[in-house]
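Colleague: Could you pull up the model so we can go through it together?
Modeller: Sure, here it is.

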Amino acid sequence: MAKTVAWLRQLSSGEISISLLSPHPLQAGKEVIIGRDPSCTLALDAYRYEGVSRRHALIRPSRHSSSSLWEVVDQKSANGTYVNGNLITQPQILQSGDRIRLGEAGPEFSIEYSSSAVSTIPLKPGQNPQNLSSIAPPPLVTPVNLSTSPTPQPRSPTDGKTATSPSLTQLIPILSTGKDLKQKAFLIPASLTVISVILMFVFIGSFKVFSVILAFYIAGIAYYFIYQLCGKSKPWWLLMGSGIGTMLLLYTPVWILIASLFRELLPGDVFALSTEASFITHFITHFFGAGMAEELLKAIPIFIALYWGTLSSPSWRGKIGVEEPLDGILIGTASAVGFTLIETLDQYVPNIVDAAGEV
């Protein structure tokens with residue numbers, strides 16, 4: 001079994017309320033990856049640590065020192081890795097007690113070398129060697145001394161009566177989780193469902209308004225599912241802007257130019273297809289005229305976010321930029337929601353209403 005030469009201890013969880021991880025032993029020759037990906041050595045909660053990248057930082061034996069030191073390497077994370085408050089851009093050698101923070105306000109860890117490794121650690125000017133020795137992490141469970149445990153006292157009749165009286169939080173359990181309610185995954189879809197159902201009952205006599213409410217409800221629930229599945233956060237205004245921006249692009253010369261390219265210069269004129277055309281003809285025509293043309297329009301917000309991110313600081317680049325496939329998925333899906341709403345409400349629904357009127 002590899003020898004433990006240091007400990008990695010979580011000091012804080014950042015700005016969220018969640019229990020800290022147990023101290024993790026650093027063993028000679030073994031690297032440690034910290035991030036939200038389940039495959040990481042120290043896997044953080046993907047839904048709570050939204051500012052931490054999937055593979056955020058690497059802790060490994062130092063490759064630039066002959067001593068038994070460790071170093072931290074940022075893994076091109078969205079919000080950066082900090083050592084003692086300073087953003088690092090290259091491998092940083094760690095001294096005992098150094099603090100490692102994932103992002104500007106993310107979880108913080110500390111490295112503590114074992115006493116066997118103290119003799120090989122070079123000292124900083126004015127540093128006391130005794131300060132480098134760290135005690136082993138405390139046990140997770142403190143043994144109970146049965147000899148000093150209080151003797152259970154018999155319960156009085158009034159105690160039993162009080163215990164059987166239900167409290168308000170027992171009658172309404174949701175009140176007991178009020179502080180953490182906003183972090184519950186069911187809050188947004190449940191609220192959206194209740195509001196949408198009430199509005200649909202109110203406008204049940206108006207088909208157009210009813211259709212709009214139902215369309216936005218289905219689109220919102222579908223997107224929320226994808227958003228939670230990705231396990232990464234993006235500002236709501238960025239995602240909403242992506243959807244609204246795509247809606248507006250459909251009424252600008254940008255869409256006319258794209259449609260002309262794929263439907264006139266290329267074999268994508270879907271409106272000229274006859275019902276007797278072969279499967280190959282249908283496939284090629286829809287591939288260019290519907291698939292390529294529409295997907296290029298939906299991808300425009302992704303290109304804008306990518307360019308915008310390159311002009312921003314490292315902390316903002318992770319929020320608004322495109323640094324990994326998940327960023328593109330979240331922005332592109334929001335754009336597709338906007339496109340689908342316009343296509344459905346402005347084209348499909350009117351056509352169905354007209355067809356129903358003719359019958």
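Colleague: Where does helix 8 bend, and by about how much?
Modeller: Quick caveat before that: this is a predicted model, where local features need pLDDT of at least 70, side-chain atom pairs count only at pLDDT 80 or more, and totals for chains, interfaces and linings use all residues. Residues are numbered from 1 along each chain as its sequence is written, and side-chain values use heavy atoms, with hydrogens and water left out. Helices (H or I, at least four residues) and strands (E, at least two) are DSSP runs numbered from the N terminus, and a bend is the angle between axes fitted to the seven residues ending at a residue and the seven starting there. For helix 8 that gives a bend at Phe287, of about 40°.

Colleague: How far apart are the end C-alpha atoms of helix 8?
Modeller: The expected span is 1.5 Å times one less than the number of residues. With 32 residues, helix 8 should span 46 Å, and the model agrees, with its end C-alpha atoms apart by 44 Å.

Colleague: What kind of aromatic pair do Phe283 and Phe287 form?
Modeller: Rings of Phe, Tyr and Trp (its six-membered ring) pair if their centres lie within 6.5 Å; planes under 30 degrees apart count as stacked, over 60 as edge-to-face and the rest as tilted. Phe283 and Phe287 are four residues apart in helix 8, so about one helical turn separates them. Their centres are 6.2 Å apart with 20° between the planes, which makes the pair stacked.

Colleague: And how is the pair of Tyr223 and Tyr227 classed?
Modeller: These two sit four residues apart in helix 5 (residues 207-230), so again about one helical turn separates them. Both are buried, meaning under 20% relative accessible area, with exposed over 50% and partly exposed in between (1.4 Å probe, protein chains only). Their ring centres are 6.4 Å apart and the planes are at 40°, so this pair is tilted.

Colleague: Which ring does the charged end of Lys319 sit over?
Modeller: The test is NZ of Lys or CZ of Arg within 6 Å of the ring centre and within 35 degrees of the ring normal. Lys319 has its charged end 5.0 Å from the ring centre of Trp316.

Colleague: Which strands stand at the edges of the open sheet?
Modeller: Strands pair if DSSP finds at least two bridges between them. Six strands run in the order 2-1-11-10-7-8, with antiparallel pairing. Each edge strand has a single partner, so one side is left without a neighbour in the sheet; the two are strand 2 (24-27) and strand 8 (86-87).
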